[in-house]
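Biologist: I'm new to this, so please walk me through the model one question at a time.

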Amino acid sequence: MKNTLVAFMAMMTLGLALPASAQTPSGRIVTVDLNKIFNDYYKTPIASAKLKETADSFNKELDDTLTNYKKGIDELNKLREDQDKPEYTAEVREQKRKAVADKLAETQKMQRDIDDYRTTHRKILDEQVQRMRQTILKEINDIISKEARDAGYLLVLDKSGNTLNGTPSVVYSQDSLEITDDIIKILNKNQPKTTETPKPAEKKDEKK
């Protein structure tokens with residue numbers, strides 16, 4: 001009973017419930033390593049590179065803003081040091097204090113803008129990462145489901161995950177029952193070939 005429950009939970013986690021027509025007595029239970037498939041799928045590093053470009057762009061903009069904020073803080077500190085010099089008249093000191101108050105309000109607004117920027121763009125990046133993962137995992141799951149139906153597998157279990165108790169979802173399986181490499185080959189069969197830069201032709205020795 002426990003083994004049946006574990007298998008059922010693993011199947012629901014992977015999202016690969018097979019139709020009743022595939023559940024034949026001759027069907028087999030096979031395993032896959034979803035982590036390996038995800039990492040070895042050629043679309044994953046491409047999507048990751050695009051996400052990194054977006055993150056780098058955000059970070060550059062944030063760095064520029066932080067540089068301006070630091071300059072504002074330096075200017076504020078100088079104004080504070082200068083505002084109460086004894087040689088100033090009361091009128092000048094009042095002007096200096098107003099300049100300090102204005103600069104303080106400006107830097108405080110910059111700080112709020114920086115905090116808002118971090119929060120907003122962290123959310124944007126998180127959403128993009130989730131969309132990327134969901135898109136790629138759906139493609140992987142669709143291929144696994146098709147192969148399972150075509151081969152008449154009874155059940156496909158993900159051996160890379162753990163149960164809620166922190167124990168492996170698949171304690172043991174024969175290597176012959178794992179179809180991870182097969183799935184990776186199918187996913188990568190349409191991978192674009194990388195264009196290699198042709199090497200310059202070697203110059204032939206000139207006859208003297």
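## Confidence and layout

Biologist: What pLDDT does the protein average?

Modeller: This is a predicted model, in which local features need pLDDT of at least 70, side-chain atom pairs count only at pLDDT 80 or more, and totals for chains, interfaces and linings use all residues. Residues are numbered from 1 along each chain as its sequence is written, while side-chain values use heavy atoms and leave out hydrogens and water. pLDDT is the predictor's confidence in each residue, from 0 to 100. Here 76% of the residues score at least 70, and the protein averages 81.

Biologist: Which residues have a pLDDT that stays under 50?

Modeller: Look at the start of the chain. The model does have 29 contacts beyond four places in sequence for this stretch, a contact being heavy atoms within 4.5 Å. The stretch where pLDDT stays under 50 is residues 1–26.

Biologist: In what order do the elements run from the N terminus?

Modeller: Helices (H or I, at least four residues) and strands (E, at least two) are DSSP runs, numbered from the N terminus. The protein has five helices and two strands. Written out in order, they go α-β-α-α-α-β-α.

Biologist: How far apart are the end C-alpha atoms of helix α4?

Modeller: Helix α4 covers residues 90–151, which makes 62 residues. The expected span is 1.5 Å times one less than the number of residues, so α4 should span 92 Å. The model agrees with that, because the end C-alpha atoms are apart by 91 Å.

Biologist: And which residue follows α4?

Modeller: Check the backbone angle just past the helix. The phi there is positive, near 75°, and the residue is G152.

## Inside the protein

Biologist: What share of the 208 residues is buried?

Modeller: Buried means under 20% relative accessible area, exposed means over 50%, and partly exposed is in between (1.4 Å probe, protein chains only). Of the 208 residues, the buried share is 27%.

Biologist: Which element supplies the largest share of the largest nonpolar core?

Modeller: A nonpolar core is a set of buried Ala, Val, Leu, Ile, Met, Phe, Trp, Tyr and Cys residues joined through side-chain atoms within 4.5 Å. The largest one has 20 residues, and V32, I37, I136, I140, I144 and I183 have the most contacts inside it. At least two core residues come from each of β1 (29–32), α2 (34–40), α3 (43–82), α4 and α5 (180–187). The largest share, five residues, comes from α4.

Biologist: Why is L187 called buried?

Modeller: L187 lies in helix α5. Beyond four places in sequence, L187 is in contact with I37, Y41, Y42, E139, I140 and I143. L187 counts as buried because its relative accessible area is 8%.

Biologist: How far apart in space are L155 and V30, C-alpha to C-alpha?

Modeller: L155 sits in strand β2 and is buried, at 9% relative accessibility. In sequence, L155 and V30 are 125 residues apart, yet their C-alpha distance is 6.3 Å.

## Charged pairs

Biologist: How many salt bridges does the structure hold?

Modeller: Side chains of opposite charge can pair when their charged atoms come close. A salt bridge is a side-chain nitrogen of Lys or Arg within 4 Å of a carboxyl oxygen of Asp or Glu. E75, K103 and E106 are even linked in a network of them. The count for the structure is 14.

Biologist: What separates K60 and D64 along helix α3?

Modeller: K60 and D64 form a salt bridge, with the closest N and O atoms 3.4 Å apart. K60 is exposed at 54% relative accessible area, while D64 is partly exposed at 40%. An α-helix has 3.6 residues a turn, so residues three or four places apart point the same way. Being four residues apart, K60 and D64 are separated by about one helical turn.

Biologist: Is D82 buried or exposed?

Modeller: D82 meets K85 in a salt bridge of 3.2 Å, N to O. K85 is partly exposed at 33%. D82, with a relative accessible area of 14%, is buried.

Biologist: Which residue forms a salt bridge with K159?

Modeller: K159 is partly exposed, at 30%, and its partner is partly exposed too, at 24%. Both lie in the loop between β2 (155–158) and α5, so the pair ties together parts that are 19 residues apart in sequence. The closest N and O atoms are 3.0 Å apart, and the partner is E178.
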